[in-house]
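Here are a few short exercises to work through with the model open. Try each one yourself, then check the steps.

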Amino acid sequence: MDRLQAMEAFIAVVDNGGFASAARKLDVSAPVVTRAVAELEARLGVRLLTRTTRTVRVTEAGARYAEDCRRILADVGDSEAATSGSRSQLKGLLGVTAPVLFGNLHVTPIVTDYLKRYPDVDAQCVFVDRVVNLVDEGLDVAVRIGELPDSSLRAVGVGQVRRMLLASPAYLAAHGRPQRPEELSRHTLIQPTQVAPYPEWRFAEAGRPLVQRIRPRLRTTTNDAARSFALAGLGLVRLLSYQAADALARGELLPVLENFEPPALPVHIVHHEGRHMTQKVRAFVDLAVAALRANPALR
């Protein structure tokens, strides 16, 4: 294995947290990756990784070297792409994760456009309503909704969404429109439990948080199903604005208690590669940022 390939193997171990997962990412055997890292350590005369039976950790010297490797590999990739002038230089597997409904509605078109532009790249889309660890699951890019915790991940803001209380015109005509959160106890409520498992909805009044305990008549595991029940006139539902944008535009769902909406939630594109990200990831991030910032559902 030449030096550049050894660097790629080392970065794969760092990003994926182990030799076996790095080998799967690179589609080589684990001994090949182990040998490549050992050769780098022997050539440099320093320990890049500390290994136990359960974990692989990057040493201080290894962290500095990893940043240098990323820069070198990115520069080589950029040089090759610029010299050839061919988009086919982008190759490999791109892993993307997003919440289920957001992924279906807004990430799928971006991935489709990306794959048409770069025919030598494959994609893995993981759309789940939980926070996915990019390193542990070998993914490259995530769409995150909400405030981000401190981490080593890089984040690019692309918009925001609102937490809205919604009902169909038929339901409101039959049962009336609540004027305050306290009045929800007299209404039929629909709760997507997988996303919000606790029986309370958060509002805001005059800039102060307002928590309302609720007793939902109907609980469902997906936002998509909750929206369908609300469209059928069964009751009031709490959704993010993008989840109901089409129904709102057609007048099939109407906002309720708008004056009590809590602050909007930011939407970010998140990735674990820094300034010197690979061309494959950079191309997707650039495409996704442009598309999502232009998306009216995120304003």
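**Exercise 1: lay out the sheet**

The open sheet has five strands, with mixed pairing and the order 4-3-5-14-6. Strands here are DSSP runs (E, at least two residues; helices are H or I, at least four), numbered from the N terminus, and two of them pair if DSSP finds at least two bridges between them. This is a predicted model: local features need pLDDT of at least 70, side-chain atom pairs count only at pLDDT 80 or more, and totals for chains, interfaces and linings use all residues. Residues are numbered from 1 along each chain as its sequence is written, and side-chain values use heavy atoms, with hydrogens and water left out.

Task: find which strands stand at the edges.

Solution.
- Strand 4 (121-127) and strand 6 (154-161) each have a single partner strand, so one side of each lacks a neighbour in the sheet.
- Strand 4 pairs with strand 3 (residues 92-98) in the parallel sense, over seven bridges.
- Within that pairing, G95 stands opposite Q124 in strand 4.

**Exercise 2: follow an aromatic pair**

Task: work out which parts the pair of F102 and Y242 ties together.

Solution.
- The whole structure has four aromatic pairs (ring centres of Phe, Tyr or Trp, its six-membered ring, within 6.5 Å; planes under 30 degrees apart are stacked, over 60 edge-to-face, the rest tilted).
- F102 and Y242 are edge-to-face, 4.9 Å centre to centre with 75 degrees between the planes.
- F102 lies in helix 5 and Y242 in the loop between strand 12 (236-240) and helix 8 (245-249), so the pair ties together parts 140 residues apart in sequence.
- Both F102 and Y242 are buried (under 20% relative accessible area; exposed is over 50%, partly exposed in between; 1.4 Å probe, protein chains only).
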